[in-house]
Amino acid sequence: MNIKRNLLNIIIFICVCLHLGCNEGAQESQKKDIDYHTILQVSSLFPSSSSSSSPCVLSPRATKTKSSLHVTHRHGTCSPLNNGKATRPDHVEILKLDQARVNSIHSKLSKKLTTNHVGQSQSTDLPAKDGSTLGSGNYIVTVGLGTPKHDLSLIFDTGSDLTWTQCEPCVRTCYSQKEPIFNPSKSSSYYNVSCSSPACTSLSSATGNAGSCSASTCIYGIQYGDQSFSVGFLAKEKFTLTNSDVFDGVYFGCGENNQGLFTGVAGLLGLGRDKLSFPSQTATAYNKIFSYCLPSSASYTGHLTFGSAGISRSVKFTPISTISDGNSFYGLNIVGITVGGQKLAIPSTVFSTPGALIDSGTVITRLPPKAYAALRSSFKAQMSKYPTASGVSILDTCFDLSGFKTVTIPKVAFSFSGGAVVELGSKGIFYAFKISQVCLAFAGNSDDSNAAIFGNVQQQTLEVVYDGAGGRVGFAPNGCS
């Protein structure tokens with residue numbers, strides 16, 4: 001009898017333990033599900049109906065830090081190009097330009113480009129297949145040029161080196177820009193650079209075109225894959241970032257013959273790694289360190305900050321890698337991707353063979369074909385309860401969220417060498433065209449040998465730190481707050 005009672009107690013005890021264990025397992029599973037997924041209001045993926053005219057909210061970092069500039073989206077309320085009203089971007093055109101930029105980066109890295117010479121007549125005969133491609137030029141800053149200071153809106157670009165702006169007189173053509181075109185004859189601090197200058201010799205590495213001479217003055221030329229170009233004098237001028245951060249004698253291109261899709265902006269601020277880039281020229285002040293946060297909303301500004309002031313203590317760094325024929329780019333070593341807490345089964349050579357880079361001017365992150373296929377497959381499996389939609393342009397994985405107030409999406413994180421793990425914000429996972437067409441914001445490269453590119457949609461709201469002197473790039477969350 002006692003044996004039976006003891007046996008019964010043991011069975012009850014085992015059953016209770018199993019029951020509790022199952023509950024704990026379920027609770028643990030539920031907790032992990034919350035940790036690895038995000039519940040979003042579908043409406044948050046789109047600009048609010050009032051955002052086109054809502055007041056601009058300024059970045060505290062840009063406002064309080066002496067070496068910091070406000071970053072605005074060129075189509076946003078805060079953009080100096082739009083008179084306080086957001087403009088509706090053409091997403092298909094943006095993606096088309098983005099692919100042209102990616103193609104030109106891959107061409108540059110695969111040694112398909114040759115060094116060209118700019119003629120003395122400031123000719124427009126620059127081969128369109130060569131050079132960089134500006135892409136959609138999403139993000140702009142305002143910089144003061146000359147004496148007295150002339151404020152200009154410039155696209156900032158980590159994939160370009162030479163800073164340039166349109167200049168009077170326009171010898172052949174200038175495109176339309178918002179501010180008055182810079183007139184060097186009205187600046188007391190402007191002077192041209194001779195063609196015997198080492199800076200003129202450096203143009204081939206900074207622009208892909210060797211400098212040439214016109215009456216002993218150095219001529220630069222830079223052309224883009226979309227047939228845009230700028231040709232003019234290599235010059236030195238005073239640059240004013242803020243009242244306390246002023247630099248004399250900065251090399252830049254004073255373009256008197258310019259054409260292309262730059263509409264509204266005055267030119268470009270080159271943040272690459274070449275010695276003619278702005279970070280290299282201001283290295284004594286900032287030690288080649290700068291950081292930025294790209295705003296995810298049209299009615300907010302982000303920041304572009306030079307130097308180490310205000311950099312978050314939570315930044316995790318990864319070493320800058322060397323990319324063959326890409327010394328101007330900031331290379332990265334991607335070592336893994338997780339989707340919904342699951343590490344994707346991607347062989348390390350998929351990333352290490354072609355290499356990877358981070359680029360402020362590329363919109364959509366590009367991945368090697370095998371890596372993208374793994375990401376797409378895992379993401380689609382974890383989004384299986386939502387209807388699919390047709391793809392758009394380079395984006396082939398889309399969902400119809402009509403009728404849903406919320407959407408549960410798997411978190412996506414990138415792991416880089418050195419232990420840096422970057423979890424993307426929700427705006428870094430989706431690219432939303434309309435409620436019936438919300439797409440995964442990644443695309444696959446056409447070839448295994450093409451480098452991966454970590455684009456600006458994925459960088460939104462992150463603090464991204466470039467430490468050129470330290471040879472590293474860092475990331476931290478909530479960079480715009």
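Helices and strands here are DSSP runs, numbered from the N terminus: at least four residues for a helix (H or I), at least two for a strand (E). With that, we can say where things sit. One caution: this is a predicted model.

Let me start with the cis peptide bonds. The bond from Glu168 to Pro169 is cis, with omega near -5°. Pro169 belongs to the loop between β6 (164-166) and β7 (191-192). Thr147 and Pro148 are also joined by a cis peptide bond, and omega there is about 0°. Pro148 is in a loop too, between β4 (139-145) and β5.

β5 brings us to the annotated site. Which residues does the UniProt annotation "active site" cover? Asp157 and Asp359, according to the record, which is an unreviewed entry. These residues span 203 residues in sequence, yet their C-alpha atoms are no more than 7.6 Å apart, so they gather at one spot.

Take Asp157. It is in strand β5, residues 150-157. Is Asp157 buried or exposed? Buried: its relative accessible area is 1%, and the cut-off for buried is under 20%. The side chain of Asp157 reaches the backbone nitrogen of Gly159 at 2.9 Å.

Now Asp359. It is found in the loop between β20 (356-358) and β21 (365-367). Asp359 is buried as well, with a relative accessible area of 0%. What is Asp359 in contact with, leaving aside its neighbours within four places in sequence? The list includes Asp157, Thr158 and Gly159. So the two annotated residues are in contact, because heavy atoms within 4.5 Å count as contact. Asp359 also contacts Arg101 and Ile105. Further along the chain, its contacts include Ile453, Phe454, Gly455, Asn456 and Gln459.

On to backbone angles. Ala215 has a positive phi of about 55°, although it is not a glycine. Ala215 is placed in the loop between β9 (212-214) and β10 (217-223). At 71% relative accessibility, Ala215 counts as exposed, since exposed means over 50%. Asn478 also has a positive phi, near 55°, and is a residue other than glycine. It lies in the segment after β32 (472-476). Asn478 counts as exposed, at 60% relative accessibility.

Next, a sheet. Strands of a sheet pair through backbone hydrogen bonds, either parallel or antiparallel. Here, four strands form an open sheet in the order β22-β23-β28-β27, with antiparallel pairing. Which are the edge strands? They are β22 (388-389) and β27 (430-434), each of which pairs on one side only. β27 pairs with β28, residues 437-440, in the antiparallel sense over four bridges. Ala432 stands opposite Val438 in β28.

Last topic: disulfides. How many are there? The count comes to seven. I will walk through some of them.

One disulfide joins Cys56 to Cys78, with S to S at 2.0 Å. The pair links distant parts of the chain, 22 residues apart. Cys56 is in the loop between β1 (37-41) and α2 (60-64). Cys78 is in the loop between β2 (68-73) and α3 (91-109). The link of Cys56 and Cys78 is right-handed, with 110° about the S-S bond. Cys56 is partly exposed at 32% relative accessible area, whereas Cys78 is buried at 14%.

Another disulfide joins Cys195 to Cys213, again with S to S at 2.0 Å. Cys195 lies in the loop between β7 and α4 (198-201), and Cys213 in strand β9, so the pair ties together parts that are 18 residues apart in sequence. With 120° about the S-S bond, the link of Cys195 and Cys213 is right-handed. Cys195 counts as partly exposed, at 23% relative accessibility. Cys213 is partly exposed too, with 28%.

Then there is Cys200 with Cys218, their sulfur atoms 2.1 Å apart. This pair links helix α4, which holds Cys200, to strand β10, which holds Cys218. The residues are 18 apart. Why is this disulfide called right-handed? Because the torsion about the S-S bond of Cys200 and Cys218 is about 85°. Cys200 is buried, with a relative accessible area of 4%. Cys218 is buried as well, at 0%.

To close, back to the annotated site: Asp157 sits in strand β5, Asp359 sits in a loop, and they gather at one spot. Thank you.

Terms used:
Residues numbered from 1 in each chain as written. Predicted model: local features only at pLDDT ≥ 70, side-chain atom pairs only at ≥ 80, totals over all residues. Heavy atoms only, no water. UniProt positions renumbered as here; feature names shortened; annotations may be inferred. Buried < 20%, exposed > 50% of the residue type's maximum accessible area, 1.4 Å probe, protein only. Polar contact = N/O pair within 3.5 Å; in protein donor to acceptor, adjacent residues only side chain to side chain. Pairing = 2+ DSSP bridges. Disulfide = S-S within 2.5 Å.
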